[in-house]
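Colleague: Before I rely on the labels attached to this protein, I should like to hear the reasoning behind them. May we go through them in turn?

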Amino acid sequence: MRRALLLALLALGLLAGPLHAVQPDEMLPDAAQEARARQLSKELRCMVCQNQSIDDSDAPLAKDLRLLVRERIKAGDSDGQVMDFLVSRYGEFVLLRPTLHGANIVLWLAPFLVLVVGGAGLWLAYRRRGSRPAPTAPLSSEEEEKLRRVLSENSGDVTKL
């Protein structure tokens, strides 16, 4: 009984591997071209799912993009030419990892800027906290007597203090 349960769990574990949406009819006959197509498909965003590559997506648009990538590879385009074609057609949003130029620089640098500004704010707050005057010592008996005398002489007239 224990052995059967262990074998069943092992079989389920083997079935839990990564699944790809690429259908057999999409695959290229040349293994090298298919490997290139799969690699490029992993770097392209599904425009429907938006946080999934077209290699993993079952959306019809993802299938169309996978076929388009394979057509461009069959036509002899390099990886860069395929990516440039898709970016010119769909914009940089189609890339899962945007490039480091133009308006994307803000996206790449924003986390670091937030850390620097936050660190500077904490540093300033710490410095200000450290520069506060030390608490004063309690009044001596002579000082308390002098204070009482001044307060009783002015009896509520704050402007004379």
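**Reasoning behind the labels**

Modeller: Among contacts in the protein between residues at least 6 apart in sequence, 48% join residues at least 24 apart. Please bear in mind that this is a predicted model. The secondary structure consists of six helices and zero strands, and 20% of the 161 residues count as buried. The accessible surface is about 12,500 Å², with 62% of that area belonging to carbon and sulfur atoms.

Colleague: What makes a set of residues the largest nonpolar core here, and which of them have the most contacts inside it?

Modeller: The term requires buried nonpolar residues joined through side-chain atoms within 4.5 Å. The largest such set has 17 residues, and those with the most contacts inside it are Leu-40, Leu-44, Ile-54, Val-69, Ile-73, Val-82 and Leu-86. Helices H2 (31-42), H3 (60-74) and H4 (79-90) each supply at least two residues of this core, and H3 provides the largest share, five residues. In soluble globular proteins, nonpolar side chains tend to be buried together.

Colleague: Which residues is Leu-86 in contact with, leaving aside its neighbours within four places in sequence?

Modeller: Those contacts are with Leu-44, Leu-65, Leu-68, Val-69, Gly-91 and Val-94. Each counts as a contact because heavy atoms lie within 4.5 Å.

Colleague: Why is Cys-46 in no disulfide, when Cys-49 holds the nearest cysteine sulfur?

Modeller: A disulfide requires two cysteine sulfur atoms within 2.5 Å. The sulfur of Cys-49 is 3.5 Å from that of Cys-46, its closest cysteine sulfur, and is therefore too far for a bond. The structure accordingly holds zero disulfides.

Colleague: Are those two cysteines buried or exposed?

Modeller: Buried means under 20% relative accessible area, and exposed means over 50%. Cys-46 has a relative accessible area of 0%, so Cys-46 is buried. Cys-49 stands at 35%, between the two limits, and therefore counts as partly exposed.

Colleague: How do you know that Asp-55 forms a salt bridge with Arg-38?

Modeller: The rule asks for a side-chain nitrogen of Lys or Arg within 4 Å of a carboxyl oxygen of Asp or Glu. The closest N and O atoms of Asp-55 and Arg-38 are 2.9 Å apart, which satisfies the rule. The pair links distant parts of the chain, with Arg-38 in helix H2 and Asp-55 in the loop between H2 and H3, 17 residues apart. Both Asp-55 and Arg-38 are buried.

Colleague: Why is the pair of Glu-43 and Arg-97, at 3.9 Å, also called a salt bridge?

Modeller: The N to O distance of 3.9 Å is within the 4 Å limit, so the side chains of Glu-43 and Arg-97 qualify. Glu-43 lies in the loop between H2 and H3, and Arg-97 in the loop between H4 and H5, 54 residues apart. Glu-43 has a relative accessible area of 26% and is therefore partly exposed, whereas Arg-97, at 60%, counts as exposed. Side chains of opposite charge can pair when their charged atoms come close.

Colleague: What makes Arg-72 and Asp-77 a salt bridge, and how is each of them classed?

Modeller: Their closest N and O atoms are 2.7 Å apart, again within 4 Å. Arg-72, at 26% relative accessibility, is partly exposed; Asp-77, at 14%, is buried because the value is under 20%. Salt bridges that share partners also join Glu-144, Glu-145 and Arg-148 into one network. By this rule the count comes to seven salt bridges.

Colleague: Why is Glu-34 called buried?

Modeller: Glu-34 has a relative accessible area of 9%, under the 20% limit, and so is classed as buried. This residue is found in helix H2. The C-alpha atoms of Glu-34 and Ile-73 are separated by 8.8 Å, although the two are 39 residues apart along the chain.

Colleague: Which residues make the nonpolar surface patch, and why can Leu-109 belong to it?

Modeller: The patch, of about 870 Å², is made by Leu-100, Ile-105, Leu-107, Trp-108, Leu-109, Phe-112, Leu-113 and Leu-115. Membership requires over 30% relative accessible area. Leu-109 has 42%, so this residue passes that limit and is classed as partly exposed. Leu-109 lies in helix H5, residues 104-130.

Notes
Residues numbered from 1 in each chain as written. Predicted model: local features only at pLDDT ≥ 70, side-chain atom pairs only at ≥ 80, totals over all residues. Heavy atoms only, no water. Buried < 20%, exposed > 50% of the residue type's maximum accessible area, 1.4 Å probe, protein only. Helix = DSSP H or I, 4+ residues; strand = E, 2+ residues; numbered from the N terminus. Patch = residues over 30% accessible without salt bridge, like charges linked within 9 Å, V, L, I, M, F, W, Y side chains within 5 Å. Areas by Shrake-Rupley, 256 points an atom, 1.4 Å probe, with all protein chains shown as cover.
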